[in-house]
Amino acid sequence: MDYQAIISQFEKLYKKEPKLFRAPGRINLIGEHTDYNNGFVLPAAIDREIVYAIAPNQSDICRVYAMDLGEEDEIYLNSLKESEKRWNNYLIGVIAVLADKGLKVSGFDCVFAGSIPIGGGLSSSAALECGLGVALNELYGLGLNKRDIAFTAQKAEHEFAGVKCGIMDQFSSMFGELGKVFRLDCQTLDIQYFPFKQEGLKILLCDTGVTHSLASSEYNKRRHECEAGVEVIKKAGYSDVKTLRDVSLEVIAEFESKMDSVVYYRCSYVVEENNRVLEACKMLEAGDMEAFGKLMYQSHEGLSKKYEVSCKELDFLVEYTLDKDNILGSRMMGGGFGGCTINIVKEEGLDEYVEKISEAYKAEIGIPLKTFITDIVDGAGIVD
Ligand code: GLA
């Protein structure tokens with residue numbers, strides 16, 4: 001990111017010096033649609049981020065400028081209401097959630113810009129919310145810790161973007177560490193970091209370039225299907241089961257014919273995926289990336305066939321890798337219905353491989369494939 005360009009834009013608009021804050025997007029190696037089921041995920045913060053240049057302006061109005069879009073908007077702190085500018089609702093959401101907690105901010109001026117592809121499933125919205133949370137916490141001495149900021153951002157997403165997301169994206173943006181992935185236990189919120197430095201391997205993201213409109217409605221529907229499954233399990237005598245996290249492979253197998261079949265598939269995917277995350281961490285510690293990659297393929301299979309959140313573009317990109325020796329693992333990442341696949345690839349021959357998959361994607365789907373290698377970086381904070 002060109003920090004200087006953001007500062008210059010701010011100085012040009014507001015004739016003063018800003019402070020700079022950044023919040024990254026995320027990848028998730030494995031553990032998809034498990035976070036809102038109190039399960040496990042294995043994400044990391046990446047070198048794609050949102051950057052805010054910001055300073056108080058001694059009024060009760062915030063002037064905000066989205067540099068990538070060249071659009072301006074205002075936020076009236078005394079009468080917070082939704083804006084016609086979609087991007088601004090994420091900011092308004094954060095301010096409203098803080099106000100609800102009795103944490104008042106005064107007016108500020110800000111310019112923000114980002115390098116996270118929108119709709120790519122890399123959590124640009126969580127980064128937008130966490131970045132503002134971090135900035136306001138610092139500017140107004142709100143006394144929030146990383147967890148508080150993550151939950152504030154999640155609530156803004158629930159209430160202002162209408163997606164009942166889990167906590168993975170916000171925790172990734174806040175708790176990421178350079179060169180490490182982390183296993184987040186979404187029940188206890190315990191974090192365990194694992195170094196992710198694999199000789200000769202890279203993380204390649206392939207962006208389908210599509211976001212199907214089903215994404216948010218189907219997401220919320222999956223949540224309900226999982227909850228419905230939990231109710232059936234509880235009623236059958238497992239009264240201490242609170243979420244799918246408490247359900248073992250053996251127990252879920254008992255319900256194959258005792259549950260609506262769609263609900264059963266959803267639940268059995270989640271229970272299996274939780275187990276895969278635990279297994280994947282062992283493989284990571286043992287440095288067995290071949291085995292790790294196999295788990296990623298199993299994850300995709302489950303997401304596509306049992307959880308049904310994939311789409312033809314994602315499936316094509318994963319299937320394409322199946323007979324390629326230089327790809328260890330591949331799967332759809334994030335909520336689904338578009339966005340990116342995440343791939344563990346050998347560095348050797350990478351350029352030719354990217355050329356080939358791009359050609360194949362264009363021929364099959366008819367639109368260009370965007371690809372990028374990603375590095376793992378630190379979570380959100382002030383930029384010195
Ligand atoms: C989206 C949500 C996350 C998580 C993933 C699926 O990214 O924001 O909370 O549920 O989908 O794993």
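This passage walks through the ligand site and the two largest pockets of a predicted model.

Start with the ligand. Twelve positions are worth finding in the structure, since the ligand is surrounded by Arg26, Glu32, His33, Asp35, Tyr36, Cys165, Gly166, Met168, Asp169, Tyr219, Gly334 and Gly335. Sorted by class, this shell splits into 4 nonpolar, 4 polar and 4 charged residues.

Three members of the shell come up again when oxygen atoms of the ligand are paired with side chains. In the case of Asp35, an N or O atom of the side chain lies 2.5 Å from a ligand oxygen. For Tyr219, the distance between a ligand oxygen and an N or O atom of the side chain is likewise given as 2.5 Å. Asp169 joins in too, with a side-chain N or O atom 2.6 Å from an oxygen of the ligand. As for cover, the ligand taken alone would expose 300 Å², and the protein buries 92% of that.

Next comes the space around the ligand. The ligand sits in the largest pocket, which holds about 1,200 Å³ of space. Some 49 residues line this pocket, and those nearest its centre are Tyr90, Gly119, Ser124, Ser125 and Glu157. Several helices and strands give two or more residues to the lining: helices H2 (86-100), H3 (124-139), H4 (146-161), H5 (168-175) and H6 (215-235), together with strands E6 (108-114) and E11 (338-346). Of the elements involved, H3 supplies the largest share, at 4 residues. By class, the lining of the largest pocket breaks down into 22 nonpolar, 20 polar and 7 charged residues.

That leaves the runner-up. The second largest pocket contains about 330 Å³ of space. Its lining is made up of 14 residues, with Phe196, Lys197, Leu201, Lys202 and Asp375 closest to the centre. Here a strand takes the lead: E9, spanning residues 201-211, gives 3 residues, the largest share of the lining of the second largest pocket. The class counts for this lining come to 5 nonpolar, 4 polar and 5 charged residues.

To put the two pockets side by side, the largest pocket has about 1,200 Å³ of space and houses the ligand, while the second largest pocket has about 330 Å³. For the largest pocket, the top contributor to the lining is H3; for the second largest pocket, the top contributor is E9.

Key
Residues numbered from 1 in each chain as written. Predicted model: local features only at pLDDT ≥ 70, side-chain atom pairs only at ≥ 80, totals over all residues. Heavy atoms only, no water. Near = heavy atom within 4 Å. Polar contact = N/O pair within 3.5 Å; in protein donor to acceptor, adjacent residues only side chain to side chain. Areas by Shrake-Rupley, 256 points an atom, 1.4 Å probe, with all protein chains shown as cover. 1 Å grid on protein atoms, 1.4 Å probe; cavity = no way out; pocket = protein on both sides within 12 Å on 5 of 7 lines; lining within 4 Å. Sits in = over half its atoms within 2 Å of the grid points. Nonpolar A, V, L, I, M, F, W, Y, C, P; charged D, E, K, R; others polar. Points joined across faces, edges and corners; volume = space filled by probe spheres on them.
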